[in-house]
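Trainee: Could we go through this one together? I keep seeing labels in the notes and I'd like to know what earns each of them.

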Amino acid sequence: VLAYMREAEASSYLIVLNLGGQPADFIPEGMQLKGKVIMATHPEREGMKLTGNPIKLKPNEGVIIQLT
């Protein structure tokens with residue numbers, strides 16, 4: 001799993017990519033995840049609100065989360 005943050009103006013984004021062929025959990029260190037999926041490789045996840053850890057990713061899945 002590859003994860004990184006981007007900041008633009010007043011918004012912060014967390015990008016999380018599962019580059020493997022197996023499901024994976026992502027647990028960010030030192031932060032309680034809270035935000036909304038704004039883009040995903042599986043469109044049914046777009047708009048999903050996240051309020052906690054972990055992020056469960058399907059094989060080869062990527063998500064962009066706007067943090068709140």
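Mentor: Sure, and keep in mind that this is a predicted model. Let's start with E44, which counts as exposed at 55% relative accessibility.

Trainee: What makes E44 exposed?

Mentor: The cut-off for exposed is over 50%. E44 has 55%, so the label is exposed.

Trainee: Which residue forms a salt bridge with E44, and how do you know that it counts as one?

Mentor: The partner is K58, and the closest N and O atoms of the pair are 3.4 Å apart. The rule asks for a Lys or Arg side-chain nitrogen within 4 Å of an Asp or Glu carboxyl oxygen. At 3.4 Å the pair passes, so we call it a salt bridge.

Trainee: Where do K58 and E44 lie?

Mentor: K58 is in the loop between β6 and β7, while E44 is in the loop between β4 (34-40) and β5, so the pair ties together parts 14 residues apart in sequence.

Trainee: Why is K58 called partly exposed?

Mentor: Its relative accessible area is 38%. Partly exposed sits between the 20% and 50% limits, so K58 gets that label.

Trainee: How many salt bridges does the rule give?

Mentor: The count comes to three. Another one joins the side chains of E61 and R45, at 3.1 Å from N to O. That pair links distant parts of the chain, with E61 in the loop between β6 and β7 and R45 in the loop between β4 and β5, 16 residues apart.

Trainee: Are E61 and R45 buried or exposed, and how do you know?

Mentor: Buried means under 20%. E61 has 1% relative accessibility, so it is buried. R45 has 10%, so R45 is buried as well.

Trainee: And K56 with D25, what makes that a salt bridge?

Mentor: Their side chains meet at 3.3 Å, N to O, and the limit is 4 Å, so the pair qualifies. K56 lies in strand β6 and D25 in strand β3 (residues 24-26), so parts 31 residues apart in sequence are tied together.

Trainee: Why do K56 and D25 carry the labels exposed and partly exposed?

Mentor: K56 has a relative accessible area of 53%, which is over 50%, so it is exposed. D25 has 45%, between the limits, so it is partly exposed.

Trainee: Switching to the backbone, what is notable about phi of E9?

Mentor: Phi of E9 is near 50 degrees, a positive value in a residue other than glycine. That gets flagged because most residues other than glycine have a negative phi. E9 sits in the loop between β1 and β2 (11-17). With 89% relative accessibility against a cut-off of over 50%, E9 is exposed.

Trainee: Which other residue has a positive phi although it is not a glycine?

Mentor: N60, with a phi of about 60 degrees. N60 lies in the loop between β6 and β7 (62-67). Its relative accessible area is 52%, so N60 makes it past the 50% cut-off and is exposed.

Trainee: What makes the peptide bond from N53 to P54 stand out?

Mentor: That bond is cis, with omega near -5 degrees. It is worth a flag because most peptide bonds are trans. P54 is in the loop between β5 (49-51) and β6 (55-57).

Notes. Residues are numbered from 1 along each chain as its sequence is written. This is a predicted model: local features need pLDDT of at least 70, side-chain atom pairs count only at pLDDT 80 or more; totals for chains, interfaces and linings use all residues. Side-chain values use heavy atoms; hydrogens and water are left out. Helices (H or I, at least four residues) and strands (E, at least two) are DSSP runs, numbered from the N terminus. Buried means under 20% relative accessible area, exposed over 50%, partly exposed in between (1.4 Å probe, protein chains only).
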